[in-house]
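Here is a short report on a structure. Look at the cysteines, then at one sheet, then at confidence.

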Number of protein chains: 2
Amino acid sequence: MKTIHAGETGTVNKWEVFEVEAEGFSDKNPFLDYHIAGTFAGKGESVAVDGFYDGGGVYKVRFMPSFEGEYSYEIGGSFAQGIKSGSFTVAPPKEGVHGPVRAVNRHFAYADGTPFYPIGTTCYAWTHQPPEVQEQTIEELGKGYFNKIRFCVFPKSYVYNLREPQTYPYEGAPLDNWDFTRFDPGHFRRFEKRIGDLAELGIEADIIVMHPYDRWGFSNMGAENDDHYWKYIIARFAAFRNVWWSLANEFDFLQNKTTADWERYAKILCEKDPYNHLRSIHNALVFYDHTRKWVTHCSIQSPAVEKTAEWRDQYGKPAVFDEMVYEGNIDEGFGRLSAQELVRRFWECAVRGGYGGHGETYKHPEDIIWWSHGGRLHGESPERIRFLMNILYETPGFGLKQFRPNDGDFAGVFSCDETVANIPAPYMQPTSYLVFGCEGTVAIPEEPMAIGSYCLVYFGNARPSCFECRLDESAAYEVEVIDTWEMQIEKRGRMSGKMVIYLPGKEYMAIRIREQ
Amino acid sequence: MKTIHAGETGTVNKWEVFEVEAEGFSDKNPFLDYHIAGTFAGKGESVAVDGFYDGGGVYKVRFMPSFEGEYSYEIGGSFAQGIKSGSFTVAPPKEGVHGPVRAVNRHFAYADGTPFYPIGTTCYAWTHQPPEVQEQTIEELGKGYFNKIRFCVFPKSYVYNLREPQTYPYEGAPLDNWDFTRFDPGHFRRFEKRIGDLAELGIEADIIVMHPYDRWGFSNMGAENDDHYWKYIIARFAAFRNVWWSLANEFDFLQNKTTADWERYAKILCEKDPYNHLRSIHNALVFYDHTRKWVTHCSIQSPAVEKTAEWRDQYGKPAVFDEMVYEGNIDEGFGRLSAQELVRRFWECAVRGGYGGHGETYKHPEDIIWWSHGGRLHGESPERIRFLMNILYETPGFGLKQFRPNDGDFAGVFSCDETVANIPAPYMQPTSYLVFGCEGTVAIPEEPMAIGSYCLVYFGNARPSCFECRLDESAAYEVEVIDTWEMQIEKRGRMSGKMVIYLPGKEYMAIRIREQ
């Protein structure tokens, strides 16, 4: 973040936060009674944004430039007298920075066109933990297991997480003596420092704005206070390039909110966030209507990873399984999955053209559990998930037809465990065996498989002793056998035409075939 | 089977085959041009059945008595001149014989009311293999892994099974020079000997009457020959108490047959089978309309065992997953599942109130593969499946409300891997944790779980470190922890009230709680 005083000049990198601060009135209720706004204009864009009161008589306006070159700004409003203006320069983006993530063609890409394959985790209340736990979380996240994390602005009250948070979003005192018209800017400063830390690590911040795990009343503040809250966090957070808006976690458990409320919040978001960050709303029992235009992707809670392609195509949007049950050993049904099965679900999502989500819930003597608090990871899935992420980043690019099942006539990527209905055409006709197979030998379809230039086959709980296929004889393919659990890639050399790829008869194997 | 000559007297046990044979005309085409029928009457019943020509001038009529005591019979028809009559005595059933299986209350029971929990396997073409392979199959089946087996009357032509069968159902020669009006009685005698062998082992014979894996033309003989075939096998097989009629395997792959054909076959079956043996029709891609009255149970091909209760309740009939992909290591998607996953699916079916089906497809140097040929079993699932079967037989009985999820307000049996929607009420409300849990301790619902007298909880891929519940304090329960893979049952003693049952943090565990 680059901060200047209103009237000064400065330099900022493209897609970084450019912040202009100014002193203003601190009488009355500055959060409600005074207003600050700014306009930022360069060759490529002119953006008007609201600012916010940050306490101690200081007001701020934030902006994220999407172009390089010379910009000017104007800051005004009732917060002080007069209009302050200045200029600044936008330098090229820092290395490795690709801008905000967009939904494109049922997948994702950064603003500069680089494919983004979300591989997320969940630490709902990590920013509300003591500083040393937060530092541990940052350290673990720095190991590159994940490129997205879901977490809540409000503190969380739920099993294993019933301590009071470090700070609260409002002035007042627990349990329920709050002034919902006065924010505690310190709470938000600490929170947004973490958004910035994540940006530095290349991790998207999937911010959960509302949730039902509440004993302080933040889930039931009334429409006016809700809207005030929405505008405040948009003014504060939207300029961070890595922000994703998750309107709620388990929205259907928020019993005091109606569809009209969610639609109103979404409207505020669409009006006030000039960067059009990704927007989703996460279910417990029942999906929100993901066909709503403002919903950019399906944020799904379900273990039914076989439905990835179905839901993705039904809603015409990326399918992100943000919760598909967590690796762990707690008693609760959501937190006791084996690492093997969680990793399998990640792969099943991936080969069906969707994206999985991680969480970890191992019992801990001090109740520091990754899924809620962050801290340390203890499970076996994270490094396997990172291994998958690396393989996804080695695909020829998102949206490639042959990488996505059910996009066309033949998929090229499929999972072992589908019913025949989902298996590509060459496998559907028993006659292809009857005609071309013979007793004791391998049955190979007569026609080459139309795999295109890239094929990733995942076997999950299946453990065939071999995989038979027939590739174009005029091309050469590199064949690799991948042990997704042991994280080993064995090169099998170049092949073409009819081939039998022998496998070790273990679960969790995959085959990658790439045209040379 | 008890055989007498027409006019003689005899004795037979209840639910055994009583056969009356008689010489008759052998000119013209005895299969078509002559007819034999019989009536069998005792105090409890009077049954009219068709007989059949068995070659060499011999005609037969078969009957299965459902009552004990004195019976008389009359045999007549155009096959010979005059009517032959006689009497016979029906003795009590042999030990362990409970009669034919019926569908009752979405589950199964033998005619004498003993619950029957089908745990089936599949050896499509085992009766068409050389005698020594058939004997191996019988030997393996004698080990008590399964109590039902699916197999075909017609020979099978499909991958790994392209040798010619031992015999054919018709006079003629392969490939397609057959007289569909003349059966080879030897083929059927050998086949029904195996039905009898299975009955001796207490195994139900789920006979697949039609199937699409055909290179001889048996799947496309025309309506008249089809009907002739149906009447012939009903006359031959229906008197075996352990017969189940599977109209077809993968009926939707039989491209020359229409719904009208299937309904006509079903009509013949309902008219001609006086014992009302179970009737089903097995899908490949698309379910037959299981709401049809003549369908007694859903014979399902699908790996979607989570849908067990949904389908069972949708059709109001027992859900039998006759194919949910086989344990093995062949290349084909249907035959490469791990034993662990197959056993898991059996358990998931069971705790959801349905029934799984086994098949095994390991590569074999001579292509003798259980799923098609029978022979020897090589996998790890059969003994685990037998273990499950024994546990099912220790339940208090079918139809018990608390044993079946989704039957009422509270299930008592549930699986780890369901979405919250399917988890019984005490687990659905986050507030039950908020109110009654506290940091670092176990959250226990305030109200006792209404588990009734029996509760079986299966965790599948989940491996919680403990399971918390609260039982009625005025009753005493025996608690056992079951390792479904290692097949061990650990007694944890008697408990009541609030309890924490500690678990080893492994996959495939279950807990059984029984009121003392």
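The sulfur of B:Cys152 lies 11 Å from the closest cysteine sulfur, that of B:Cys123, which is too far for a bond. A disulfide here is a pair of cysteine sulfur atoms within 2.5 Å. By this rule there are zero disulfides over all chains. A:Cys152 is in no disulfide either, with its nearest cysteine sulfur in A:Cys123. Buried means under 20% relative accessible area, exposed over 50%, and partly exposed in between (1.4 Å probe, protein chains only).

| Residue | Nearest cysteine sulfur | Relative accessibility |
|---|---|---|
| A:Cys152 | A:Cys123, 11 Å | 0%, buried |
| B:Cys152 | B:Cys123, 11 Å | 0%, buried |

This is a predicted model: local features need pLDDT of at least 70, side-chain atom pairs count only at pLDDT 80 or more, and totals for chains, interfaces and linings use all residues. Residues are numbered from 1 along each chain as its sequence is written, chains are lettered from A and ligands numbered from 1 in written order, and side-chain values use heavy atoms, without hydrogens and water.

Now the sheet. In chain A, five strands (DSSP E runs of at least two residues, numbered from the N terminus) form an open parallel sheet, ordered β12-β13-β16-β17-β18. Its edge strands, β12 (120-122) and β18 (279-280), each pair on one side only. Pairing requires at least two DSSP bridges. β16 (residues 204-210) and β17 (residues 243-248) of chain A share five bridges in the parallel sense. A:Ala205 has A:Val243 in β17(A) as bridge partner.

Last, confidence. Chain A averages a pLDDT (per-residue predictor confidence, 0 to 100) of 87, and 89% of the residues score at least 70. The model scores ipTM 0.75 and pTM 0.83.

Notes:
Helix = DSSP H or I, 4+ residues; strand = E, 2+ residues; numbered from the N terminus.
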